[in-house]
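This report walks through how strands and helices are arranged in one protein chain, sheet by sheet and then helix pair by helix pair. Please keep the sequence and the structure at hand while reading.

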Amino acid sequence: MRFYLIAGEPSGDALGAALMAGLKELHPDVEFSGVGGPLMQAQGLDSQFPMDELSVMGLAEVLPKYRALKRRISECADAVMAQKPDALITIDSPDFCLRVAKIVKAQSNLKTIHYVAPSVWAWRAGRAAKMARVIDHVLALLPFEPPLMQAAGMGCDFVGHPVVAEPQATPEQAQDFRTRHDINDAPLLLALPGSRRGEVERLMPTFGETIRQLHNERPDLRIALPAAPSVAKRVRELAADWPVPPLVLDAADLPEKRAAFVAADVALAASGTVSLELAAANTPMVIAYDMNWLSRILIGRMLKVDTVTLVNLVSETRVVPEFLGKNCVPEKIARGVLEVLNMPEQQLDAMAVTMKRLGRDQEPPGLRAARAVLTAL
């Protein structure tokens with residue numbers, strides 16, 4: 001049995017590696033080819049070209065590389081047609097992956113499987129119908145996604161979210177983190193302004209002013225700020241005038257990051273899957289996010305849900321406060337943080353429900369995904 005896989009981002013590389021491990025467990029003689037990063041390569045993939053070539057986002061970044069990306073799309077499709085695997089498995093990165101699938105489907109009846117459903121429950125519902133033209137089966141991370149994919153004409157299995165399989169720091173490791181950084185019994189706020197430069201540039205000033213206001217109310221407040229290596233230098237520059245000098249952590253140091261998540265009393269985070277990481281660590285949170293004015297208007301008109309926080313959506317509650325768009329202002333955010341800091345227990349049940357619904361204490365997501373792939377075949 002042979003599969004051709006494509007991942008274009010580190011998150012997709014992690015999903016692909018877990019899937020490959022699951023397939024090897026269920027079908028030991030399986031073979032792989034395609035495009036992936038270091039985690040997929042560690043599982044036996046000889047990447048056709050460096051995955052980093054696909055890790056570009058935004059129109060300004062994509063345009064200069066358009067010809068190269070178009071060539072890589074053709075190369076991947078040609079390799080699939082030459083190798084004739086049992087299935088093409090594309091992992092997230094829809095702008096690239098679905099173009100490969102489109103070419104393959106135009107030339108064959110090869111089974112196509114896409115890992116990570118488009119968030120049609122939030123906006124742009126038409127994406128599912130468009131994807132159904134080239135994708136046969138979807139592996140979904142969220143439990144409410146399969147009916148939406150099936151309605152568009154694709155098979156779909158909920159296979160669990162990878163966050164439930166990630167290790168968590170122990171209470172002892174969290175206490176050691178506090179002791180090493182001389183935090184001890186002080187309240188600790190985890191600041192998470194995102195991992196992309198645009199997010200950091202937009203949110204850091206707002207987060208800084210929020211912390212200034214919090215400091216007036218809670219002068220004992222300490223700040224930990226995990227920063228992705230790609231933006232760490234800029235994060236330090238933007239945090240230089242914060243009233244409470246943050247403890248800037250290397251987010252790539254996973255044991256230290258995990259310890260900080262468990263040690264924190266409250267988190268102020270950008271919108272995104274980080275809310276699930278916080279829920280996995282039982283860390284109460286406040287979500288704040290903004291974008292440029294045009295994107296705010298366009299996405300605001302298309303948005304189909306009244307919350308963008310996955311903990312709220314999966315738990316079917318609205319216990320995590322959100323300050324989005326025009327409400328992403330320090331005064332409102334600071335009040336929200338103080339309320340959560342004073343009553344953190346209000347979020348605990350919703351976080352537990354979220355983790356259970358995403359697959360905690362069940363078969364690992366990678367193995368579930370592998371079973372779904374073999375069943376789809």
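## The β5-β6 edge

Val138 has Cys156 of β6 as its bridge partner. The model is a predicted one, and this pair of residues offers a convenient place to begin tracing its strands. Strand β5, which covers residues 137-140, pairs with β6 in the parallel sense, and four bridges connect the two. Together with helix α7 (residues 146-151), β5 and β6 make up a β-α-β unit, and this unit is right-handed.

## The sheet from β2 to β6

Strands β5 and β6 belong to an open sheet of six strands, whose order is β2-β1-β3-β4-β5-β6 and whose pairing is parallel. Its edge strands, each of which pairs on one side only, are β2 (31-35) and β6 (155-158). From one strand to the next, the twist of this sheet averages 20 degrees. In general, the strands of a sheet pair through backbone hydrogen bonds, and they may do so either parallel or antiparallel.

Towards the β2 edge, strand β1 (residues 2-7) is joined to β2 by five bridges, again in the parallel sense. Within this pairing, Arg2 has Glu31 of β2 as its bridge partner.

## Helices α4 and α5

Two helices can be placed against this sheet. Helix α4 (residues 66-83) lies across β1, β2 and β3 (87-91), and its direction makes about 170 degrees with that of β1. Helix α5 (residues 94-107) lies across β1, β3 and β4 (111-115), running at about 160 degrees to β3.

How do these two helices pack, and at what angle? The axes of α4 and α5 are 9 Å apart, and the angle between the helices is about 45 degrees; α4 and α5 are therefore oblique to each other. Their crossing is right-handed. On the α4 side the contact is made by Leu69, Arg72, Ile73, Cys76, Ala77, Val80 and Met81, and on the α5 side by Phe96, Arg99, Val100, Ile103, Val104 and Gln107. Sorted by class, the residues in this contact of α4 with α5 comprise ten nonpolar, one polar and two charged.

## The sheet from β9 to β12

A further open sheet is formed by six strands in the order β9-β8-β7-β10-β11-β12, and here the pairing is parallel. The edges are occupied by β9 (247-250) and β12 (322-324), each of which pairs on one side only. Neighbouring strands of this sheet are turned against each other by 20 degrees on average, with direction ignored.

Strand β10 (residues 266-269) runs parallel to strand β11 (residues 285-289), and three bridges join the two. One such partnership involves Ala267, whose bridge partner in β11 is Met285. Helix α11 (residues 254-263) packs on the sheet, where it touches β7 (188-192), β8 (222-227) and β9, and its direction makes about 125 degrees with that of β7.

## Helices α9 and α15

Helix α9 (residues 197-217) packs with helix α15 (residues 330-342) at an angle of about 55 degrees, and their axes are 9 Å apart. The two helices, α9 and α15, are therefore oblique to each other, and their crossing is right-handed.

Which residues make this contact? From α9 they are Thr206, Glu209, Thr210, Gln213, Leu214 and Glu217, while α15 provides Pro330, Glu331, Ile333, Ala334, Val337 and Leu338. The contact of α9 with α15 has six nonpolar residues, together with three polar and three charged ones.

## Helices α1 and α17

The remaining helix pair described here brings together α1 (residues 10-26) and α17 (residues 365-376), whose axes come within 7 Å and cross at roughly 65 degrees. The crossing of α1 and α17 is right-handed.

Helix α1 contributes Ala18, Leu19, Gly22, Leu23, Glu25 and Leu26 to the contact, and α17 contributes Gly366, Leu367, Ala369, Ala370, Arg371, Val373 and Leu374. By class, the contact of α1 with α17 has nine nonpolar residues, along with two polar and two charged ones.

Definitions and conventions: Residues are numbered from 1 along each chain as its sequence is written. This is a predicted model: local features need pLDDT of at least 70, side-chain atom pairs count only at pLDDT 80 or more; totals for chains, interfaces and linings use all residues. Side-chain values use heavy atoms; hydrogens and water are left out. Axes are lines fitted to C-alpha atoms, for helices over the stretch in contact, and angles run from 0 to 180 degrees between N-to-C directions. Angles under 35 degrees count as roughly parallel, over 145 as roughly antiparallel, 65 to 115 as roughly perpendicular and the rest as oblique. A crossing is left-handed if the near helix is turned anticlockwise from the far one by less than a right angle, and right-handed if clockwise. Contact means heavy atoms within 4.5 Å. Ala, Val, Leu, Ile, Met, Phe, Trp, Tyr, Cys and Pro count as nonpolar, Asp, Glu, Lys and Arg as charged, and the others, Gly among them, as polar. Two strands pair if DSSP finds at least two bridges between them. A crossover is right-handed if, with the strands pointing away from the viewer, the path from the first strand over the helix to the second runs clockwise.
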